[in-house]
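Ready for a few exercises with a structure at hand? Take a moment with the sequence and the 3D view, then work through the tasks at your own pace.

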Amino acid sequence: MFGRKAAEKLDDAAATLHRRYGKAGDAVANAVITPARRQIDTDCTRCARGKCKKH
Ligand SMILES: [Zn+2]
């Protein structure tokens, strides 16, 4: 059900929240996105695309 496309969306959403809202965005991402992201067994898709600033 969850696959790489979903992982990409979640990773992008987390990055967008961080960019727009800083720490507040990170808090939302940790509460809402991270639990869903953990269900998907895929490495950080932003790293794979060379967009990641976290890893
Ligand atoms: Zn990454």
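The exercises below go from the whole chain to single residues, and the model they use is a predicted one.

**Exercise 1. The overall fold**

Task: Work out how many helices and strands the protein chain has, and judge its radius of gyration against that of a compact globule.

Solution:
- Start with the secondary structure: the protein chain has two helices and zero strands.
- Next, take the box along the principal axes, which for the C-alpha atoms is roughly 30 × 25 × 15 Å.
- Now turn to the radius of gyration. A compact globule of 55 residues would have a value near 10 Å, and the protein chain has 11 Å, so the two agree.
- Finish with the contacts: of those between residues at least 6 apart in sequence, 52% join residues at least 24 apart.

**Exercise 2. The path of helix 1**

Task: Compare the span of helix 1 with that of a straight helix, and find where its kink is centred.

Solution:
- Helix 1 covers residues 4-37, and a straight helix of 34 residues would span 50 Å at 1.5 Å a residue.
- Between its end C-alpha atoms, however, helix 1 spans only 10 Å.
- Look along the helix for a bend: a kink of about 145° is centred on Tyr-21.
- A pair of residues in the model adds a distance: Ala-13 and Gly-25, 12 residues apart in sequence, have C-alpha atoms 9.8 Å apart.

**Exercise 3. What is buried**

Task: List the buried residues of helix 1 and name an element that helps to cover them.

Solution:
- For the chain as a whole, buried residues account for 13% of the 55 residues.
- In helix 1, the buried residues are Ala-7, Leu-10, Asp-11, Ala-14, Ala-29 and Arg-37.
- Their cover includes helix 2 (45-48).
- For contrast, try Ala-13, which is also in helix 1. Ala-13 has 17 other C-beta atoms within 10 Å, so this residue is partly exposed; 20 or more would be needed for buried.

**Exercise 4. After helix 2**

Task: Decide whether Arg-49 and Lys-51 are buried or exposed, then find how far each lies from a residue distant in sequence.

Solution:
- Both Arg-49 and Lys-51 lie in the segment after helix 2.
- The cut-off for exposed is 12 or fewer neighbours. Arg-49 has 11 other C-beta atoms within 10 Å and is therefore exposed.
- Lys-51 has 12 C-beta neighbours inside 10 Å, so Lys-51 counts as exposed.
- Arg-49 is 41 residues from Glu-8 in sequence, with 9.8 Å between their C-alpha atoms.
- Lys-51 and Lys-9 are 42 residues apart in sequence, and their C-alpha atoms are 13 Å apart.

Technical notes. Residues are numbered from 1 along each chain as its sequence is written. This is a predicted model: local features need pLDDT of at least 70, side-chain atom pairs count only at pLDDT 80 or more; totals for chains, interfaces and linings use all residues. Helices (H or I, at least four residues) and strands (E, at least two) are DSSP runs, numbered from the N terminus. The radius of gyration is taken over C-alpha atoms; the globule rule is 2.2 Å times the number of residues to the power 0.38. Two residues are in contact if their C-beta atoms, placed from the backbone, lie within 7 Å. The expected span of a helix is 1.5 Å times one less than its number of residues. The bend at a residue is the angle between axes fitted to the seven residues ending there and the seven starting there.
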